[in-house]
Amino acid sequence: MSNSSNIFLDLDGTVYVDNIVINNADEQIRRLKNNGFQIYYLTNNTSKNTEYYKSKLKKMNLPISNDSIISPTNVIIEWIKNKNYKTIYVLGVEDLKKEIIEKTQVKINSKNAECVIIAFDKELTYKKLEETCKLINNGVPYYLSHIDNYCPTLSGNMPDCGSIGFMIEKTTGKTSNGHFGKPSELMTSYIRKIIGDNNKNILVGDRIQTDIAIGKKIGAETVIVCSGEFKKDTEINYNLENTQIHNTLTDFLLTI
Ligand SMILES: [Mg+2]
């Protein structure tokens, strides 16, 4: 295989669960990096900022560079710059808000907010929900950072951004205007810019509707693993014909 290949790896359920790397995947990822592959990590999780991911992956001995982490946060930042928003409201953790402010100079404030972004807020309070609903009730458009309903953990599934969004939608009667995570058009075009025309691309993930869906949109070879959400006996109504199925990321990476 050509060494100009890009490999896009989902994180939760593919590379690790919580803080445990699945099946020593780090060894294989390092081997491929040493063989010239470009490694990108894709996550929909906006409860942490980019710096957090960099240090988490470093601790796991995973190769990273400045632009190797792709999350809705990067896409949101680019989108805010393009829209030239001056003030927005973000239902999200402080670290995420700080990163958005630093990289865009936008003000995050409910007063005069031009749009609302709902992220995976692990610091959620009722007061923040009230603030969010007030704006949406007044006609301010809202977006979700991503649409995953739950996040897999060693204690089972926990509510994610999609579920927070459902609560807002049920409350306000208004649906979101879109999202920035896998497999949105906004994230797809963000990734298309990275890969350009010439490279061979591989995407590995554990979720059909987000990982495999965006892999197909960017024209990558797709691989689904059974270490997270997808299991071999999962009932699916999705065409997996051109998608390889492996137990873990390591099992797949050993084939290349
Ligand atoms: Mg996953």
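Student: A residue is buried if 20 or more other C-beta atoms, placed from the backbone, lie within 10 Å of its own (exposed: 12 or fewer; partly exposed: in between). How many of the five residues of strand β12 are buried?

Tutor: Four are, so β12 (residues 201-205) is largely enclosed by the rest of the structure. This is a predicted model, in which local features need pLDDT of at least 70 and side-chain atom pairs 80 or more, while totals for chains, interfaces and linings use all residues. Residues are numbered from 1 along each chain as its sequence is written.

Student: What pairs with β12 in the parallel sense over four bridges?

Tutor: Strand β1 (residues 6-10) does; strands are DSSP E runs of at least two residues, helices H or I runs of at least four, and pairing takes at least two bridges. Here L9 stands opposite V204 of β12.

Student: And which strand do four bridges join to β12 in a parallel run?

Tutor: That is β13 (residues 221-225), where I224 is the bridge partner of G205.

Student: Changing topic, what is the order of the four strands in the open sheet?

Tutor: The order is β7-β6-β8-β9, with parallel pairing. At the edges, β7 (107-108) and β9 (142-144) each pair on one side only.

Student: How many bridges join β6 to β7?

Tutor: Two bridges join these parallel strands. I88 has I108 in β7 as its bridge partner.
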